[in-house]
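Biologist: Could you take me through this model? I should like to begin with the terms before turning to individual residues.

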Amino acid sequence: KGLRANSFKEGITIYGDWSGKMAIDYRLKRNQSNLLIIDKKGLVRYYAFGSIKGEDIAAAEKLLSSLIGKE
């Protein structure tokens, strides 16, 4: 719920893959966490799966901030 609430607050769209099509289209990993950042033009800007390390989390947060103009 917190992620969803913050996404609305920050103006970020979060998709749920209810049909499994997104997993196929983006080759997401089964039974693992996947983080996919897609910009407004539809370009994949970041992709990670499994356990994400601290420095990679920081990089993803920085990218998100720059994409929404809060850098």
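Modeller: A residue is called buried under 20% relative accessible area, exposed over 50%, and partly exposed in between, using a 1.4 Å probe and protein chains only. The model is predicted, so local features need pLDDT of at least 70 and side-chain atom pairs count only at pLDDT 80 or more, whereas totals for chains, interfaces and linings use all residues. Residues are numbered from 1 along each chain as its sequence is written, and side-chain values use heavy atoms, with hydrogens and water left out.

Biologist: What secondary structure does the chain have, and in which order do the elements run?

Modeller: There are 3 helices and 2 strands, where helices (H or I, at least four residues) and strands (E, at least two) are DSSP runs numbered from the N terminus. From that end, the order is α-α-β-β-α.

Biologist: How many salt bridges does the chain have?

Modeller: The count is 2, taking a salt bridge as a side-chain nitrogen of Lys or Arg within 4 Å of a carboxyl oxygen of Asp or Glu. One of them joins arginine 45 and aspartate 39, at 3.4 Å from N to O.

Biologist: Is aspartate 39 buried or exposed?

Modeller: Aspartate 39 is buried, with a relative accessibility of 14%. Its partner, arginine 45, is partly exposed at 42%.

Biologist: Which residues does the other salt bridge join?

Modeller: Aspartate 25 and lysine 21 form that salt bridge, with 2.7 Å from N to O.

Biologist: Why are those two about one helical turn apart?

Modeller: Because aspartate 25 and lysine 21 lie 4 residues apart in helix H2 (residues 21–25), about one helical turn separates them. Lysine 21 is exposed at 52% relative accessibility, while aspartate 25 is partly exposed at 47%.

Biologist: Changing topic, where is asparagine 6 found?

Modeller: Asparagine 6 belongs to helix H1, which covers residues 2–10. Asparagine 6 is partly exposed, its relative accessible area being 44%. Its C-alpha atom is 21 Å from that of valine 44, a residue 38 positions away along the chain.

Biologist: And the whole chain: what does its C-alpha trace span, and what share of the residues is buried?

Modeller: The C-alpha trace spans about 30 × 25 × 25 Å along its principal axes. Of the 71 residues, 11% are buried. Among contacts (heavy atoms within 4.5 Å) between residues at least 6 apart in sequence, 17% join residues at least 24 apart.
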